[in-house]
Amino acid sequence: MFNYSGELLATGDKGGRVVIFQHEQESKNRPHLRGEYNVYSTFQSHEPEFDYLKSLEIEEKINKIRWLPQQNAAHFLLSTNDKTIKLWKISERDKRAEGYNLKDEDGRLRDPFRITSLRVPVLMPMDLMVEASPRRIFANAHTYHINSISVNSDHETYLSADDLRINLWHLEITDRSFNIVDIKPANMEELTEVITAAECHPHQCNVFVYSSSKGTIRLCDMRAAALCDRHSKFFEEPEDPSSRSFFSEIISSISDVKFSHSGRYMMTRDYLSVKVWDLNMENRPVETYQVHEYLRSKLCSLYENDCIFDKFECCWNGSDSAIMTGSYNNFFRMFDRNTRRDITLEASRESSKPRATLKPRKVSTGGKRKKDEISVDSLDFNKKILHTAWHPKDNVIAVAATNNLYIFQDKIN
């Protein structure tokens with residue numbers, strides 16, 4: 001997740017750690033090379049916990065990270081595991097105070113009787129230290145696993161969503177949140193859908209959307225009512241009866257929803273496709289992009305190995321003209337909305353040598369395979385790209401593949 005300026009990139013891992021990379025400035029000696037991203041700070045955000053009431057282990061794995069807009073020299077971000085959201089402050093320190101009256105330079109307290117003069121402490125330069133400190137801990141508000149957090153455009157509130165509820169928090173208040181959506185039925189046997197993702201509108205602080213496992217998106221307006229169980233808009237594409245199958249319901253579940261930077265459109269990702277919706281048109285998407293249509297014939301085996309439940313994310317570029325999402329075999333897909341051209345690229349160690357150009361990859365489904373194509377039967381479903389991020393201004397992308405983070409940028413001639 002890039003911050004608002006794109007200078008920092010934050011990643012979370014299964015061990016509860018957050019690693020932040022910083023964009024190094026271009027060097028004067030080699031101005032043709034763009035600055036690289038190097039590790040800026042690493043800290044342990046979450047620890048494994050145990051819920052004694054439910055006899056459940058709570059993993060430390062980071063589900064989501066969201067930056068807050070920068071207000072001063074420090075940076076702030078929200079990170080969450082399945083149950084607890086934390087607000088972190090990341091600040092730099094390059095000076096330390098020396099010359100205390102009551103203690104020596106090594107920190108030991110001085111004998112009061114030996115203090116005969118008054119010293120004024122002075123600030124001395126020191127090696128740069130980046131400190132991460134937890135400022136707020138928002139806990140005990142979710143019965144089910146948190147799948148989304150989203151910072152509101154008022155920069156004072158944020159929402160968090162689990163399978164059945166969405167809560168609205170104030171960044172300064174940790175002991176209470178407002179429940180703004182609750183789809184839990186009185187009888188859990190009547191449960192037909194769950195919330196899969198939620199996001200605040202980028203400009204209107206009263207508007208948010210959430211997606212469901214039934215492939216629908218609801219847009220809610222907090223000005224209409226405090227409890228937004230009744231949506232303002234309902235986005236759903238009618239199903240084609242001819243293509244209905246046993247897997248239809250599973251693959252129509254939406255795994256991610258993202259507003260465009262302009263706030264005019266939103267994008268949703270289901271198992272096989274990415275759809276772009278105009279907020280003024282609810283009955284069908286304005287654009288549909290097939291991510292890996294060749295997997296439609298493989299749904300049976302993908303169901304057996306649980307891959308059909310993978311949750312792929314999607315992202316916009318800075319100008320909303322292109323979109324990106326992940327696939328299997330460490331492939332990721334990019335779609336140009338203006339030219340309708342698309343490309344498949346691979347994030348691998350071989351292709352990530354510095355200054356190497358990524359070659360487009362193609363998957364063959366038929367019998368005869370061309371030289372550069374890879375057969376659909378030889379795709380590795382254990383290598384999957386679920387998380388991708390696009391720099392808010394430049395053509396720089398970050399792609400997370402299993403244990404590696406790849407950062408690519410467009411080539412400068």
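**Exercise 1.** Classify lysine 275 as buried or exposed in this predicted model, and list its side-chain polar contacts.

Solution.
- Step 1: The relative accessibility of lysine 275 is 15%.
- Step 2: The cut-off for buried is under 20% relative accessible area, so lysine 275 counts as buried.
- Step 3: Lysine 275 belongs to strand β20, residues 273–278.
- Step 4: Its side chain makes a polar contact of 2.9 Å with the side chain of glutamate 237, and one of 3.5 Å with the side chain of aspartate 270.

**Exercise 2.** Determine how many disulfides the model contains, using cysteine 228 and cysteine 307 as worked cases.

Solution.
- Step 1: A disulfide needs two cysteine sulfur atoms within 2.5 Å.
- Step 2: For cysteine 228, the closest cysteine sulfur is that of cysteine 220, at 5.1 Å, so the pair is too far apart for a bond.
- Step 3: For cysteine 307, the closest cysteine sulfur is in cysteine 300, and because the distance is 13 Å, a bond is ruled out here too.
- Step 4: The count of disulfides is 0.
- Step 5: As for accessibility, cysteine 228 is buried at 2% relative accessibility, and cysteine 307 is buried at 4%.

**Exercise 3.** Trace the strand pairing from β7 through β8 to β9.

Solution.
- Step 1: β7 (residues 75–80) and β8 (residues 85–98) are antiparallel and share 6 bridges.
- Step 2: Within this pair, lysine 89 of β8 stands opposite phenylalanine 76.
- Step 3: The two strands make a hairpin, with 4 residues separating β7 from β8.
- Step 4: β8 also pairs with β9 (residues 122–138), antiparallel, through 13 bridges.
- Step 5: One bridge in this second pairing links glutamate 98 with valine 122 of β9.

**Exercise 4.** Describe the hairpin of β29 and β30, including its turn.

Solution.
- Step 1: β29 covers residues 396–401 and β30 covers residues 404–409; they pair antiparallel over 6 bridges.
- Step 2: Glutamine 409 in β30 is opposite valine 396.
- Step 3: The hairpin has 2 residues between its strands, and threonine 402 in the turn has a positive phi of about 35°.

**Exercise 5.** Which residues form a nonpolar surface patch together with Tyr303, and how is tyrosine 303 classed by accessibility?

Solution.
- Step 1: The patch consists of Phe246, Tyr303 and Phe309, which together have about 340 Å² of accessible area.
- Step 2: Tyrosine 303 sits in helix α2, residues 299–304.
- Step 3: Its relative accessibility is 33%, so tyrosine 303 is partly exposed.

Note on methods:
Residues are numbered from 1 along each chain as its sequence is written. This is a predicted model: local features need pLDDT of at least 70, side-chain atom pairs count only at pLDDT 80 or more; totals for chains, interfaces and linings use all residues. Side-chain values use heavy atoms; hydrogens and water are left out. Patches are made of residues with over 30% relative accessible area and no salt bridge: like charges are joined within 9 Å, nonpolar side chains (Val, Leu, Ile, Met, Phe, Trp, Tyr) within 5 Å. Accessible areas come from the Shrake-Rupley method with a 1.4 Å probe; for residues, only the protein chains shown count as cover. A salt bridge is a side-chain nitrogen of Lys or Arg within 4 Å of a carboxyl oxygen of Asp or Glu. Buried means under 20% relative accessible area, exposed over 50%, partly exposed in between (1.4 Å probe, protein chains only). Two strands pair if DSSP finds at least two bridges between them. A polar contact is a pair of N or O atoms within 3.5 Å; within protein, one must be able to donate a hydrogen and the other to accept it, and residues adjacent in sequence count only if both atoms are side-chain atoms.
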